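Ready for some practice in reading a protein structure? Work through each exercise with the model open beside you, and try every task before you look at its solution.

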Amino acid sequence: MNLSLASAHANLALVKYWGKSDEDLILPRSPSLSLTLDALSTTCVAEGSTTGEDAVFIDGEKTESERDLNYLRFLKAELGLESGVIVRSVNHFPQAAGLASSASSCAAMAGALVGLSGKNLSLPAISRLARHGSGSACRSVYEGFAAWVEGDDQTSVAQPLESPLLEDISVVICLVSREFKSIPSRLGMRMAQSSPLYEDFIYQCHRDFKEACTALRLGDLSTLGDITERNTLAMNRVNQTARPPLIYPREKTEMICELAKQLREEGIACWYTNDAGANAFLITQEQFAPLIAQRVHSRFDVETIIAGPGPGLEVRHA
Ligand code: 2P0
């Protein structure tokens, strides 16, 4: 029987995607930039079913989620797979760390289905498929840095970006909360649009994206870090001023943000970001990551994971 295996890694947004221009096609209001992380991955196996039914298992449990099943149906239709398909997805994330796995899991599922179809698709074409599962998943197709641009269904895909920073960039993931976020991103970014600051934020994302791409090209971590931190704080402000307000960071998250500033004053490269959750991410250089992780642990009693740039989508056909 046909069987295909794919693996993909999570990515951390340095310039955030936080709003759609088309909810059905999952097209973003603004361009975003990310770093794929080696420490967090999803493996996905897809095989033809003997009964003709479609099914998705996540970490061993069969899911009834319409979102997952619709995504499987979408991939099958796009790839011309007519018989039933069983998908088994396993997340290699720290247990209940409260880290979102939708990017790596949707990218891995796209890869596994492409493998099963036997089609030879380009990475941008797979990035488009992954985007239909979850917007940020289109960036997880690539190793290292990836840029996702607006456009239409065909052109809004991610592309890889080369940078000398790949040699020693590191991320300290600070596991502030082990609960999964209360408001899912899909709803959160819809709510954010009610903020009076939202249009300014979208304008800022365009500007931050352009400046961040230049910083990447020049290998300027300090400028990239400053852009990431200000872009994150702008996203948080938009959320805080939405109606009703939406607040992801917690007290410890805010304290870790302060710590990043203190470390910079000590001459240690360290910049703060958060996603749609309470966990904090500190961007640094490889040489400083253990020291930063130790500081976060001793001051806030928060577990950390050190991550480096991760590989892109890998697909194997058996
Ligand atoms: C990002 N986030 O750029 C931003 C920053 C969270 C904060 O993309 O609705 O799970 O499936 O397209 O991709 C999380 O949103 O949302 C996200 P959908 P997704 O990484």
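## Exercise 1: A helix and its surroundings

Helix α3 (residues 123-133) is largely enclosed by the rest of the structure, because 8 of its 11 residues are buried. Keep in mind that you are looking at a predicted model.

**Task.** Find out which residues of α3 are buried, and what covers them.

**Solution.**
- Step 1: Go along the helix and mark the buried positions, which are Ile-126, Ser-127, Arg-128, Leu-129, Ala-130, Arg-131, His-132 and Gly-133.
- Step 2: Look at what lies over these buried residues of α3; the cover includes α1 (66-79), α2 and β9 (158-161).

## Exercise 2: The largest nonpolar core

**Task.** Of the residues in the largest nonpolar core, say which touch the most other members, and which helix gives the largest share.

**Solution.**
- Step 1: The largest nonpolar core has 96 residues, and those touching the most other members are Ala-107, Met-109, Ala-110, Ala-112, Val-171 and Leu-282.
- Step 2: Helix α2 (residues 102-117) supplies the largest share of this core, with 10 residues.
- Step 3: Now check the domains: domain 1 (3-163) and domain 2 (165-307) each give at least three residues to this core.
- Step 4: Zoom in on Leu-282. Leaving out residues up to four places away in sequence, Leu-282 touches Val-171, Val-172, Cys-174, Ala-260, Cys-270, Tyr-272 and Ile-292.

## Exercise 3: Two domains side by side

**Task.** Describe how domain 1 and domain 2 are placed and how they touch.

**Solution.**
- Step 1: Split the chain into domain 1 (3-163) and domain 2 (165-307).
- Step 2: The C-alpha centres of the two domains are 23 Å apart.
- Step 3: Across the boundary, 28 residues of domain 1 are in contact with 36 residues of domain 2.
- Step 4: On the domain 1 side of this contact, the elements giving two or more residues are β1 (3-15), β4 (32-48) and β8 (145-148). The largest share, 6 residues, belongs to β4.
- Step 5: Sort the domain 1 side by residue type, and you get 18 nonpolar, 6 polar and 4 charged residues.

## Exercise 4: Around the ligand

**Task.** Which residues come nearest to the ligand, and how does the shell divide by type?

**Solution.**
- Step 1: There are 14 residues around the ligand, and Ala-13, Ser-134, Gly-135, Ser-136 and Ser-185 come nearest.
- Step 2: By type, the shell holds 5 nonpolar, 6 polar and 3 charged residues.
- Step 3: Domain 1 (3-163) and domain 2 (165-307) each contribute at least three residues to the shell.

## Exercise 5: Special backbone spots

**Task.** Look at Asp-59 and Asp-301: is each one buried, partly exposed or exposed? Then locate the cis peptide bond from Arg-243 to Pro-244.

**Solution.**
- Step 1: Asp-59 sits in the loop between β5 (55-58) and β6 (61-62). Although Asp-59 is not a glycine, it has a positive phi of about 50 degrees.
- Step 2: Count the C-beta neighbours of Asp-59 inside 10 Å; there are 13, so Asp-59 counts as partly exposed.
- Step 3: Asp-301 lies in the loop between α8 (289-300) and β13 (303-307). Asp-301 is not a glycine either, yet its phi is positive, at about 55 degrees.
- Step 4: Asp-301 has 8 other C-beta atoms within 10 Å, so Asp-301 is exposed.
- Step 5: The peptide bond from Arg-243 to Pro-244 is cis, with omega near 0 degrees. You will find Pro-244 in the loop between α6 (221-240) and α7 (251-265).

Definitions and conventions. Residues are numbered from 1 along each chain as its sequence is written. This is a predicted model: local features need pLDDT of at least 70, side-chain atom pairs count only at pLDDT 80 or more; totals for chains, interfaces and linings use all residues. A residue is near a molecule or strand if its C-beta atom, placed from the backbone, lies within 6 Å of it. Ala, Val, Leu, Ile, Met, Phe, Trp, Tyr, Cys and Pro count as nonpolar, Asp, Glu, Lys and Arg as charged, and the others, Gly among them, as polar. Domain bounds come from an automatic or database domain assignment. A nonpolar core is a set of buried Ala, Val, Leu, Ile, Met, Phe, Trp, Tyr and Cys residues joined through C-beta atoms within 7 Å. A residue is buried if 20 or more other C-beta atoms lie within 10 Å of its own, exposed if 12 or fewer, and partly exposed in between; C-beta atoms are placed from the backbone. Helices (H or I, at least four residues) and strands (E, at least two) are DSSP runs, numbered from the N terminus. Two residues are in contact if their C-beta atoms, placed from the backbone, lie within 7 Å.
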